[in-house]
Amino acid sequence: MLSDKDQRVTLKRGAAISACVITAAVALPTLQGRVENEASKAEFREEAQFLAERIETRAPVQSKDDAAVLNNPWMRTVEYALKREPDSMLDKFGQRYRDLAALASFASFDPAHLELADKSGKEVDCLSKAIYYEARSENVLGQIAVAEVIMNRVSDYRYPDSVCGVVFQGSERSTGCQFSFTCDGAMDRVPRGKTWKRAQTVAAHVMMGLNKPLTGTATHYHTDYVDPVWNQHLIRTKTIGTHIFYRFPKGKEWTEVRERTSRET
């Protein structure tokens, strides 16, 4: 049998052990959480540093392992995490990546677009001049109709495949120009004023395909006070303003045109 002293010592030891067990039961999960949290932070920093180095060296993210970095959940909270270290290089790289990632979906421009823009500008200018010199006295519909003929020719295999090519076809010769203003000296008078502005507006409108077809796919026209020989070989489609419009025959129409011209000759 234990003495009173031994009993008191045993009770104290039991109490100490119980306290240790209780403390461990409470502390271990907390300690484990801290360890996991520190591990997550370390992983985050490692991945963020890796990404920063990739950006700094302009190295593309190509492999599956690299791509996984971009898909990790920490990317969603990178902004909040970086705010904890506002003066660090990691913060600068992170912000740089965030900006690049935000702009990536809009980055569709490349140097070839400069050439395309220059070409488009010239095409609109050629069409504007054709409208101005050929139809500046016409109303808007009359001007659109003239522009439509030029665009129809661009789409036709029998003509050049550009607006400027169509408008200035044959202009290098003294005769044979398709549009008289390109070889009769009319262009010595520089286009200007409201009529030029309107011609430019109409040209842009037609170039963007915003106009409704007016001429019945016409590829030719002439003013209503002349009767050129070439219109005998074409099909008349519309009269708009002071211009009469024509297109090439289709199918059996070729036979009809040949018979008609043979009778007239």
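**Figure 1. The whole chain, seen through its contacts and its fold.** Among contacts between residues at least 6 apart in sequence, 59% join residues at least 24 apart. This is a predicted model, and its protein chain has 9 helices and 3 strands. Walk along the sequence and you get the pattern α-α-α-α-α-α-α-α-β-β-β-α. As for burial, 31% of the 265 residues count as buried.

**Figure 2. Close-up of helix 5 against helix 8.** Here helix 5 (residues 112–135) packs on helix 8 at an angle of about 125 degrees, and the two axes are 8 Å apart. That angle makes helix 5 oblique to helix 8, because it falls between the ranges for roughly perpendicular (65 to 115) and roughly antiparallel (over 145). The crossing of helix 5 past helix 8 is right-handed. On the helix 5 side, look for E123, V124, D125, L127, S128, K129, I131 and Y132; they meet T195, W196, A199, Q200, V202, A203, A204, V206 and M207 of helix 8. Sorted by class, this contact has 11 nonpolar, 3 polar and 3 charged residues.

**Figure 3. Close-up of helix 6 against helix 8.** Now swap in helix 6 (residues 140–155), which packs on helix 8 with an angle of about 50 degrees and axes 10 Å apart. With that angle, helix 6 is oblique to helix 8. Helix 6 also passes helix 8 in a right-handed crossing. From helix 6, the residues to find are V140, Q143, I144, A147, E148 and M151, and their partners in helix 8 are R198, V202, H205, V206 and M207. By class, the contact of helix 6 with helix 8 splits into 7 nonpolar, 2 polar and 2 charged residues.

**Figure 4. Close-up of T219 in its loop.** T219 sits in the loop between helix 8 (193–207) and strand 1 (220–223). Is T219 buried or exposed? T219 counts as buried, because its relative accessibility is 4% and the cut-off is under 20%. The T219 side chain makes a polar contact with the side chain of H220, at 2.9 Å. Setting aside neighbours within four places in sequence, which residues is T219 in contact with? They are V149, N152, R153, D156, Y246, R247 and F248.

Notes: Residues numbered from 1 in each chain as written. Predicted model: local features only at pLDDT ≥ 70, side-chain atom pairs only at ≥ 80, totals over all residues. Heavy atoms only, no water. Helix = DSSP H or I, 4+ residues; strand = E, 2+ residues; numbered from the N terminus. Buried < 20%, exposed > 50% of the residue type's maximum accessible area, 1.4 Å probe, protein only. Polar contact = N/O pair within 3.5 Å; in protein donor to acceptor, adjacent residues only side chain to side chain. Contact = heavy atoms within 4.5 Å. Axes fitted to C-alpha atoms, helices over the stretch in contact; angles between N-to-C directions. Parallel < 35°, antiparallel > 145°, perpendicular 65-115°, else oblique. Left-handed = near helix turned anticlockwise from the far one by under 90°. Nonpolar A, V, L, I, M, F, W, Y, C, P; charged D, E, K, R; others polar.
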